[in-house]
Amino acid sequence: MNFDEKSGEVPCPTTWGKWLQTMDMVYVLVDVAAGTRGKEVQCKITARNLRVVVKGEEIISGELFGKVLVDESIWTLEDGNLIRVAMCKSSQSAANCWRSLLKGQYEADAVLFDEMEKKMTLERFQRENPGFDFSKASMSGNYQGGGPDLPQYN
């Protein structure tokens with residue numbers, strides 16, 4: 001079980017579903033009408049833009065908050081009622097917490113963004129200290145921007 005599965009998600013709700021992020025990835029989950037078929041979905045991911053069209057209706061379109069690696073990103077239609085877009089961030093660190101999915105759209109409120117930053121900082125600590133389990137840890141203090149730089153003891 002990975003860190004996200006143990007610690008839970010911090011999703012940002014939207015009118016079409018939700019989006020969430022880890023240090024490496026941004027996930028977009030779009031609720032669609034039951035029975036939607038793959039050929040009715042158009043999903044265009046570029047390094048700086050995302051566009052999702054379902055049955056001719058534009059659901060999401062705009063400039064991403066950050067840059068993504070197109071060759072490492074994918075979308076799927078699950079059970080005919082959910083589009084899952086997985087985009088790999090080009091800058092993969094706890095300091096790269098996206099405030100919104102698209103520039104000026106789908107922004108996390110201050111409380112939710114705070115929770116996102118905490119989770120990503122704990123994810124960073126987990127990666128730096130694989131022998132410890134930070135999945136149930138809570139955090140206060142200096143965690144903005146990926147948290148403090150801790151000394152390395154060798």
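This is a chat about side-chain contacts in a predicted model.

Trainee: How many aromatic pairs does a search of the whole structure find?

Mentor: The search finds 2 aromatic pairs. In one of them, the ring centres of Trp16 and Tyr106 are 5.1 Å apart and the planes stand at 75 degrees, so this pair is edge-to-face.

Trainee: Why edge-to-face?

Mentor: Because the planes of Trp16 and Tyr106 are at 75 degrees, and an angle over 60 counts as edge-to-face.

Trainee: Where do Trp16 and Tyr106 lie?

Mentor: Trp16 is in the loop between strand E1 (12-13) and strand E2 (17-21), and Tyr106 is in strand E10 (residues 105-107), so the pair ties together parts that are 90 residues apart in sequence.

Trainee: Is Trp16 buried or exposed?

Mentor: Trp16 counts as buried, at 6% relative accessibility.

Trainee: And what sort of pair do Phe65 and Trp98 form?

Mentor: A tilted one, with 6.3 Å centre to centre and 45 degrees between the planes. Phe65 sits in the loop between strand E6 (57-63) and strand E7 (68-78), while Trp98 sits in the loop between strand E8 (82-89) and strand E9 (100-102), so this pair ties together parts that are 33 residues apart in sequence.

Trainee: What are the relative accessible areas there, starting with Phe65?

Mentor: Phe65 has 33% and is partly exposed. Trp98 has 0% and is buried.

Trainee: Which residue lies over the face of Phe113?

Mentor: Arg99 does, at 3.8 Å from the ring centre.

Trainee: Changing topic. How many salt bridges does the search find?

Mentor: Across the whole structure, 8 salt bridges. One of them joins Glu58 to Arg51, with 2.8 Å between the closest N and O atoms.

Trainee: Is Glu58 buried or exposed?

Mentor: Neither: Glu58 is partly exposed at 43% relative accessibility. Arg51 is also partly exposed, at 37%.

Trainee: Which residue forms a salt bridge with Glu63?

Mentor: Lys103, with the closest N and O atoms 3.1 Å apart. Glu63 belongs to strand E6 and Lys103 to the loop between E9 and E10, so the salt bridge ties together parts that are 40 residues apart in sequence. Glu63 is partly exposed with a relative accessible area of 35%, and Lys103 is partly exposed with 46%.

Trainee: What about helix H2, where do Glu123 and Arg127 come in?

Mentor: Both lie in helix H2 (residues 110-128), 4 residues apart, about one turn of the helix. Glu123 forms a salt bridge with Arg127, and their closest N and O atoms are 3.1 Å apart.

Trainee: Is Glu123 buried or exposed?

Mentor: Buried, at 5% relative accessibility. Its partner Arg127 is partly exposed, at 42%.

Trainee: Which residues are linked in a network of salt bridges?

Mentor: Asp24, Glu123 and Arg127 are linked in one.

Trainee: Last topic, the largest nonpolar core. How many residues has it?

Mentor: That core has 31 residues. Trp19, Val28, Leu50, Met87, Leu101 and Met116 are those with the most contacts inside the core.

Trainee: Which elements give two or more residues to this core?

Mentor: Strand E3 (25-31), strand E4 (41-45), strand E5 (49-54), E8, E9 and H2.

Trainee: And which gives the most?

Mentor: H2, with 4 residues.

Notes
Residues numbered from 1 in each chain as written. Predicted model: local features only at pLDDT ≥ 70, side-chain atom pairs only at ≥ 80, totals over all residues. Heavy atoms only, no water. Phe/Tyr/Trp six-rings, centres within 6.5 Å; stacked < 30°, edge-to-face > 60°. Buried < 20%, exposed > 50% of the residue type's maximum accessible area, 1.4 Å probe, protein only. Lys NZ or Arg CZ within 6 Å of the ring centre and 35° of its normal. Salt bridge = Lys/Arg side-chain N within 4 Å of Asp/Glu carboxyl O. Core = buried A, V, L, I, M, F, W, Y, C linked by side-chain atoms within 4.5 Å.
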